[in-house]
Amino acid sequence: MRGIGAGLESGLNGFAFERARVRRFDLIIVGGSFAGLACARTAALRGLKVAVIERKRDPGEGVRTTGILVKEAAEEADIPSHLTRLVRGVRLYAPNGKFTDHSSAGYYFLTTDTPNLMRWMAEEARRAGAELMLGTAFKRGEQDGVAVTLPDLGLSARLLVGADGPTSMVGRVFGLSANTRFLGGVEFELEPEPALDGRFLHCFLDSELAPGYIAWAAPGVGVTQVGLAARHGFRPDARKFLEVYRRRLDLPERRILARRSGLIPAGATLTRTFVGNVVLVGDAAGHVSPMTGGGIVQTLRLGRRTAQLAADWINAGGEHPGRALQREAPRFRAKRLLRRALDLAPPNWIWNLAVGTAPFRAFAQGVYFHQRGQAAAADGSSPATSLERREN
Ligand SMILES: Cc1cc2nc3c(=O)[nH]c(=O)nc-3n(C[C@H](O)[C@H](O)[C@H](O)COP(=O)(O)OP(=O)(O)OC[C@H]3O[C@@H](n4cnc5c(N)ncnc54)[C@H](O)[C@@H]3O)c2cc1C
């Protein structure tokens with residue numbers, strides 16, 4: 001009897017010990033980048049107990065993005081100005097070197113010191129109360145209708161948010177939709193190039209080097225970022241473009257300081273982005289414009305929104321965050337069609353003919369400046385003059 005009792009007792013103690021070892025959170029976020037950190041900060045500020053699992057030891061290491069913020073993204077997060085550089089317009093080059101300038105009154109882009117921006121966002125999330133578990137990879141998880149448990153890590157939460165990028169492991173483990181169409185991007189950070197006109201993002205149309213997308217040279221924060229991306233299945237050659245860029249703009253050779261590369265989801269928002277107590281957000285959910293490949297604005301907006309929805313769901317019995325997010329996320333229907341057209345990669349002679357024509361100017365203005373650009377064009381002022389007026 002005693003033996004059985006002792007066994008039972010030690011069994012119960014073992015069970016209690018196991019239970020005690022599982023750390024419980026309201027929200028566990030996998031991925032400490034734009035979407036995950038935006039979500040973590042807001043959730044923690046709203047009083048949720050939050051953990052962020054990030055496999056990198058330093059959130060600023062090995063960034064996989066050019067990190068340019070459109071104005072709408074800049075409005076989602078109040079980023080310290082020393083981490084950004086304001087760029088007013090876009091200079092768009094045809095393969096033959098002809099170019100047109102585009103801008104819109106009041107509009108801008110921010111290039112960023114992306115590694116330090118990531119570190120700043122991580123610190124902001126931590127300051128708000130989120131616990132950052134760096135150097136920790138998500139591999140496995142289970143859910144039972146009440147909570148999600150990560151047995152390898154001894155963690156559980158009411159809601160698990162997969163903000164783990166374009167090839168999301170959270171999505172795979174929980175049987176959610178996966179991105180299947182991508183753009184592939186690669187870029188070099190070069191020593192700063194003073195001769196590059198800093199008022200513009202320099203965008204190069206060239207279907208031989210970057211079929212389905214563009215190449216670019218961006219005046220960054222303390223660096224010049226030179227890279228390109230291309231449609232699914234084409235391997236972009238950044239060194240080749242570097243040569244073309246120097247030759248076309250008659251620039252000297254500059255030292256390469258770092259290299260960035262990565263996949264950009266190009267198939268639009270996925271269909272199945274939540275199940276039970278698991279939700280995907282950001283690139284993991286395909287929240288990226290299939291036409292421009294810009295994802296940061298959505299990751300910041302929907303990352304933060306996920307946190308608000310989670311807080312309402314946990315604290316006030318609000319709608320399931322996954323369901324609400326699926327309704328609120330952009331569908332990108334028109335942009336999906338435009339992506340198909342761009343994937344056809346018109347031959348370079350067509351770009352040479354098109355760049356500079358009125359319809360193409362209007363199209364480029366719409367792509368880069370959305371409604372605001374069109375509004376500015378509609379007031380009769382040329383976009384190029386509007387930039388000159390501002391700069392002079
Ligand atoms: C070359 C390139 C250039 C781009 N340029 C721009 C641009 O200029 N402007 C723009 O708006 N968009 C740009 N994009 C798109 C933009 O970078 C993405 O939309 C954005 O980074 C997505 O953020 P995210 O937080 O959803 O995912 P990610 O930034 O991909 O972050 C995912 C995070 O999850 C972590 N992680 C992954 N798996 C695990 C795991 N199993 N366990 C723990 N952690 C994990 C990763 O380490 C990473 O930190 C670019 C993309 C590429 C590839």
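This passage looks at the ligand shell, helix α7 and the main nonpolar core of a predicted model.

Start with the ligand. Around it sit 39 residues, and the ones that come nearest are glycines: Gly 165, Gly 185, Gly 262, Gly 282 and Gly 295. Sorted by class, the shell splits into 15 nonpolar, 16 polar and eight charged residues. Several elements chip in with at least two residues each, namely the helices α2 (34–45) and α7 (296–316) and the strands β2 (50–54), β12 (182–190) and β16 (256–265). Of these, β16 makes the largest contribution to the shell, with five residues.

Helix α7 deserves a closer look, since it turns up again away from the ligand. Its 21 residues cover 29 Å from the first C-alpha to the last, close to the 30 Å expected at 1.5 Å a residue. The rest of the structure largely encloses α7, because 17 of its 21 residues are buried. Right after the helix comes Gly 317, with a positive phi near 65 degrees.

That brings in the largest nonpolar core, which counts 109 residues; Leu 27, Ile 28, Val 50 and Val 281 are the members that touch the most others. The top contributor to this core is α7, which gives 10 residues. Leu 27 shows how such a member is surrounded: setting aside neighbours within four places in sequence, Leu 27 is in contact with Ala 43, Leu 48, Val 50, Ala 157, Leu 159, Val 161 and Ala 310. Among these partners, Ala 310 falls within the range of α7 (296–316), while Val 50 is itself one of the residues touching the most other core members.

Definitions and conventions:
Residues numbered from 1 in each chain as written. Predicted model: local features only at pLDDT ≥ 70, side-chain atom pairs only at ≥ 80, totals over all residues. Near = placed C-beta within 6 Å. Helix = DSSP H or I, 4+ residues; strand = E, 2+ residues; numbered from the N terminus. Nonpolar A, V, L, I, M, F, W, Y, C, P; charged D, E, K, R; others polar. Expected span 1.5 Å × (residues − 1). Buried ≥ 20, exposed ≤ 12 C-beta atoms within 10 Å, placed from the backbone. Core = buried A, V, L, I, M, F, W, Y, C linked by C-beta atoms within 7 Å. Contact = placed C-beta atoms within 7 Å.
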